[in-house]
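Subject: Structure for your review

Dear colleague,

Please find below the structure we discussed, together with its sequence. My notes on what was found in it follow.

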Amino acid sequence: MAKPEVLAEIHRGPLIESIHHGHAVICDDNGAIIEAWGNPDESVFPRSSSKMIQALPLVETGAADSRGLNDMHLALSCASHNAAEVHTGILRQWLHDLELCDTDLRCGPQMPLDRDSSEGLIREGRPPCQIHNNCSGKHVGFLTVSRHLGGGAEYVEMDHPVQNACISAFEDVTGREIIGHGIDGCSAPNFATTMHAMARAMAKFASADEAGGIRRQAMVRLRSAMIAHPELVAGKGRACTELMRACIEPVALKTGAEGFYAAIAPTRKLGISVKISDGATRAANCVMAALLARLDLLDQDHPAAKLFMNAPIRNWRGIETGTIKPSKSLLNRFSGESSP
């Protein structure tokens with residue numbers, strides 16, 4: 001069995017101080033592996049990188065259209081947002097339109113990742129609400145589907161119609177039965193699969209077109225919404241948002257907890273999955289940026305590429321003391337060496 005490979009390095013002075021191992025897979029529209037690092041058959045939880053799959057029932061069931069949802073709503077249903085006003089304003093109105101309130105959510109309260117919003121709550125002496133949870137867009141989407149299907153209040157339970165629809169969609173687009181499930185940070189089930197299966201799912205999103213069936217059409221709408229609204233998928237300064245804006249061609253990116261990352265490249269009909277074994281987000285950001293550059297989807301000299309692909313490490317005085325760099329196995333195309 002293939003082992004995790006070194007995918008990112010932490011340089012300090014003349015030495016490599018630390019390394020991050022992991023797995024990465026690039027798939028084409030037939031589900032074939034184009035390139036891989038580490039073990040394509042590694043079992044993983046894709047965490048929030050699977051949100052666009054979990055959002056498929058929102059579109060497929062007709063729930064989105066019945067509520068008049070637009071691309072901004074769909075982007076937020078796939079988001080791990082910062083809870084800035086641009087996010088929470090839309091979500092509050094969406095929840096209100098459902099005639100529901102914050103207590104109907106099951107994601108739990110979280111301090112906003114957005115600094116202005118967080119400091120605003122502190123100044124006002126108010127605790128965060130569930131709408132501030134970075135996964136609240138997914139959960140309002142779940143509630144929309146639940147209302148449409150006539151489901152009960154506990155929409156995160158595995159036997160709920162919403163989760164049954166999510167499992168069906170997940171197994172279809174990954175091309176295999178789920179390995180199992182765990183409970184995510186937002187209390188929703190997260191389905192386990194393999195690196196190859198997740199890259200294959202992203203390639204299906206990438207190759208979907210309007211001429212396909214309901215599921216393919218839903219894939220097009222969701223990936224298009226993410227690409228059209230990168231600021232809603234994450235937020236200011238976040239890798240998902242900044243790299244989507246920087247890409248030369250349209251790409252939908254979605255980070256996940258514990259070092260997971262996924263990409264949908266529709267012009268190339270390619271899907272990408274990345275998992276850092278130690279769960280480090282800094283390494284996942286670096287590796288995804290490097291893979292986008294490897295595929296000529298991102299100019300490696302773009303400021304956003306430099307920010308994540310070769311991120312400077314600074315000390316408390318602001319002095320640059322090191323750099324996060326992708327491994328040579330990810331960069332060898334640029335140096336003229338053969339690919340792995």
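In what order do the three strands of the open sheet stand, and with what pairing? The order is β4-β6-β5, and the pairing is antiparallel. Please bear in mind that this is a predicted model.

The sheet

β4 and β5 are the edge strands; each has a single partner, so one side of each lacks a neighbour in the sheet. α9 packs on this sheet, where α9 touches β4 and β6, and the direction of α9 makes about 105° with that of β6.

The pairing can be followed residue by residue. β4 (residues 43–44) joins β6 through two bridges in the antiparallel sense, and here Val44 lies opposite Thr193 of β6. On the other pairing, β5 (residues 180–183) and β6 are linked by four bridges, again antiparallel. Gly182 has Asn190 of β6 as its bridge partner, while His181 is matched with Phe191 of β6. The hairpin formed by β5 and β6 has five residues between the strands, and Ser187 in this hairpin adopts a positive phi near 80°.

Is β6 mostly covered or mostly open? β6 is mostly covered, with six of its six residues buried. In a regular strand, side chains alternate between the two faces of the sheet. In β6 both faces are covered: Pro189, Phe191 and Thr193 are buried on one side, and Asn190, Ala192 and Thr194 are buried on the other.

Helix α8

Helix α8 covers residues 161–174, and its 14 residues should span 20 Å at 1.5 Å a residue; the end C-alpha atoms are 20 Å apart, which agrees. After α8 comes Gly175, which has a positive phi near 80°.

Which residues of α8 are buried? They are Val162, Gln163, Cys166, Ile167, Ala169, Phe170, Val173 and Thr174. An α-helix has 3.6 residues a turn, so residues three or four places apart point the same way. The elements against which the buried residues of α8 pack are α1 (51–54), α2 (56–60), α7 (136–149), β6 (189–194), α9 and α10.

The packing of α8, α9 and α10

Two packed helices are described by the angle between their axes and the distance between the axes. For α8 and α9 the angle is about 90° and the axes are 7 Å apart. These two helices are therefore roughly perpendicular to each other. On the α8 side, Asp172, Val173 and Thr174 make the contact, and on the α9 side Ala197, Arg200, Ala201 and Lys204 do so. By type, the residues of this contact between α8 and α9 comprise three nonpolar, one polar and three charged.

How do α9 (residues 195–207) and α10 (residues 214–228) pack, and what is the distance between their axes? The angle is about 90°, with the axes 8 Å apart, which makes α9 roughly perpendicular to α10. Lys204, Phe205, Ala206 and Ser207 of α9 meet Arg216, Met219, Leu222 and Arg223 of α10 in this contact. The residues of the contact of α9 with α10 are four nonpolar, one polar and three charged. Lys204 is thus listed in the contact of α9 with α8 and in that of α9 with α10.

With kind regards

Conventions. Residues numbered from 1 in each chain as written. Predicted model: local features only at pLDDT ≥ 70, side-chain atom pairs only at ≥ 80, totals over all residues. Heavy atoms only, no water. Axes fitted to C-alpha atoms, helices over the stretch in contact; angles between N-to-C directions. Parallel < 35°, antiparallel > 145°, perpendicular 65-115°, else oblique. Contact = heavy atoms within 4.5 Å. Nonpolar A, V, L, I, M, F, W, Y, C, P; charged D, E, K, R; others polar. Expected span 1.5 Å × (residues − 1). Buried < 20%, exposed > 50% of the residue type's maximum accessible area, 1.4 Å probe, protein only. Pairing = 2+ DSSP bridges.
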